[in-house]
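Reader: I have the model open and should like to go through parts of it with you. Shall we begin?
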Amino acid sequence: MRTGMIRGMSLAAVSLLALALVACGEKTEDKPAGAQTGANTESVDASVPGTPDNTQEVLDYYAANPEFFTFATPADLPGDLEWEDGSDLPDIGSPQAKKGGTYNTRLQDFPRTLRLVGPDANGGFRNFILDDVRMQFAHPHHQPGGNTYRYYPGLATEWAESKERKTVYVRLNPKARFSDGEMVTTEDVLFSFFFFRSKYIVAPWYNHFYSTEFTNVTRYDDYTFSVTFPEAKPDMKSRALTWGPMPRKFFKELGDDYVERYQWRFVPTTGPYVVHDKDIKKGRAISITRDPNWWAKDMKFWRNRFNFDKLRFTVIRDTAKSFEAFKRGDIDDFGLNLAEYWYDKLPNDDKDVAAGYIEKATFYNVRPRPTYGLWVNESRPLLDNRDIRVGINYAVNFDMVIDKFFRGDGVRMKSRNDGYGIFSHPTLRARPYDIDKALAAFAKAGFDTRGDDGILVNAEGQRLSFTLTTGYEALKDILTILREEGMKAGVQFRLEVLDGTAAWKKVQEKKHDIALTAFNVSYEEFPRYFDFLASYNSYDKAFLEDGSVNPDRKIKVQTNNLQMVADFELNKLVERYRASEDGEEKRVLAHQIDQIDHDTASFVPGWVQPFYRRGYWRWLRHPEGFNLQHSGYDIQNYVSWIDEDMKAETKAAMKKGETFPPQINVYDQFKED
């Protein structure tokens, strides 16, 4: 019996203890005075006839899985643990930051849901209600010099790692609260495993991850728990700390109708921002508002951040119109990564830039880059032929995209996993644009004759033609370049530019041929492969026991295997990589997997930029140095603020014709050689 389990405890006893701990889902203290109100986070009232209540189902689940859910006491904690709390790390943000103001920005399209997981939840608005604002048990504190970091407290006050036991121990902050006033306790932690493993949430990735990446969760008291892993992986601490619990009471109604029931209900957060019903203008605008009673507002690492009182997101689908709104001052900043906007539409001699009303910044960051490229769906007709996929790689001219569209402000991506130091493959390079090699590959697949329009056809008269889809309206000119260059190599790309949400829905349902898209990549120690390359995320059951293809397999939707890769031997490598406890073994396996991914040829590496560029009205302020080294955009990490005095000063100066010194700044303190 594993360390920490109450010895001799029967299944019935576990069930009774669980009942005592979580009966009716109520916490042991009342809500504090001033608990946040107004957001649609209402929970179930079990006294209302017909209202769902899954309390017994959850308890039965705990009792049916006694090896996974353990109930212990503080006396069962190992005595040799070395606890850490990150309190010696430097604070984040500027003491000069001012609270208040509204940050105005745009969304390309309106979010399809406020759910955090499940269908359509992985959209662009997710960053603002989950990834960048919801508190985790602890957060990585990135150190200068690359992929090295320690952790600073979030919901936890301290934590301890035991490699021998393959376990991380965590103590929650007793002050931690959800935005509805409910305490954060180990009850919520245990329930989260029920939630993420549940079929109700229609989220295969979560189901698999929380069922296979953890072997036990143990509750020691209301604020102390541990999680155990199958192997003592090098990133064990990261996996234990960089997530947060789901609120047990709010989800007492969780059941078969989860997708509809929780579609527009804001999930109580442990972070600073909430969504009020009155701020949801479907199809037009949505806002998040800082909770004045946020429990962590005065804590080190958090006190100088999340300074905006409100962030207002207005739907502006067209990039050009969004830029016009920025120039009017309707939105506070605008991304200038596209050369057209940096050099032409907002040049340094623009009247507002020259007058100092609008400032420009280039910030060199250090992080794995978004995976811009072509994601080829191997399950589609013709694209299941490797020779055709190889030909497409040679027929795609991303070098011209970099030269013409980005005006040289970028470099060709080498592989999907650039930026992970020794874990990135040292010699892989993307296939260059080469018409002769493209034609040779297409000929091997039977496409060796050009039609009247120059597009290749096979002996049956079938054209070499595919739909190229993107949700990035601002990048539509890239598609035009790829289409024109592809025709020279005999392949036709039919261009399809959808709004971001519609495009993402299409690729998540695996209905695309080829998609120009990208995943934002978390700042992690090791690249991820299971999400993108494991057949678990492409088909319901890709192979039979002997490794042969299952003739009855069905496409699995709502996963990130957009290439629909299903390779029995590759699966074995991915699983070995996931299970490895040794950094050197992981490095070797990573290189092997990257090589296979390259050989498979269903991902065409695009481009990377070692910086981001922003234009912003001078009242949007940033700390010295602009941002943290791993930031991907200007307000990420929420160290910026609105200076209302400067806003009034600027608007008055514009009316009078007065000016300020122009500010065109380059922040290269983290620039890599």
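Reader: In what sense do strand 14 and strand 24 pair, and over how many bridges?
Author: In this predicted model, strand 14 (residues 358-364) and strand 24 (residues 611-617) pair in the antiparallel sense over seven bridges. Two strands pair if DSSP finds at least two bridges between them. Strands are DSSP runs of E with at least two residues, helices are runs of H or I with at least four residues, and both are numbered from the N terminus.

Reader: Which residue in strand 24 is the bridge partner of Thr-362?
Author: The bridge partner is Arg-613. Residues are numbered from 1 along each chain as its sequence is written. As the model is predicted, local features need pLDDT of at least 70, side-chain atom pairs count only at pLDDT 80 or more, and totals for chains, interfaces and linings use all residues, while side-chain values use heavy atoms, with hydrogens and water left out.

Reader: What is the strand order of the open sheet with strand 14 and strand 24?
Author: The order is 13-24-14-27, with mixed pairing among the four strands. At the edges are strand 13 (333-335) and strand 27 (664-667), and each pairs on one side only. Neighbouring strands of this sheet are turned by 20° against each other on average, direction ignored.

Reader: Turning to the sheet of five strands, what is its order?
Author: This open sheet runs 1-7-8-6-5, again with mixed pairing. Strand 1 (69-71) and strand 5 (156-162) stand at the edges with a single partner strand each, so one side of each is left without a neighbour in the sheet.

Reader: How many bridges link strand 5 and strand 6?
Author: Strand 5 pairs with strand 6 (residues 167-172) over six bridges, in the antiparallel sense. Ser-162 stands opposite Thr-167 in strand 6.

Reader: Which helix packs on that sheet?
Author: Helix 4 (residues 186-197) does, touching strand 1, strand 6, strand 7 (216-221) and strand 8 (224-228). The direction of helix 4 makes about 165° with that of strand 7. Axes are lines fitted to C-alpha atoms, for helices over the stretch in contact, and angles run from 0 to 180 degrees between N-to-C directions.

Reader: And how do helix 4 and helix 5 cross?
Author: The axes of helix 4 and helix 5 (residues 204-212) come within 7 Å and cross at roughly 130°. The two helices are therefore oblique to each other; angles under 35 degrees count as roughly parallel, over 145 as roughly antiparallel, 65 to 115 as roughly perpendicular and the rest as oblique. Phe-193, Phe-196 and Arg-197 in helix 4 meet Tyr-206, Asn-207, Tyr-210 and Ser-211 in helix 5, where contact means heavy atoms within 4.5 Å.

Reader: Is Ser-198 buried or exposed?
Author: Ser-198, in the loop between helix 4 and helix 5, counts as buried because its relative accessibility is 8%. Buried means under 20% relative accessible area, exposed over 50%, and partly exposed in between (1.4 Å probe, protein chains only). Leaving aside neighbours within four places in sequence, Ser-198 is in contact with Asn-207 and Leu-254.

Reader: Finally, which residues of helix 13 are buried?
Author: In helix 13 (residues 435-444), Ala-438, Ala-441 and Phe-442 are buried. They cover an arc of only 100° around the axis, taken from the directions from the helix axis to the C-beta atoms, which puts them on the same side of helix 13. On the other side, Asp-436 and Lys-444 are exposed.

Reader: What do the buried residues of helix 13 pack against?
Author: They pack against helix 11 (386-395) and strand 18 (456-457). Just after helix 13, Gly-446 takes a positive phi of about 95°.
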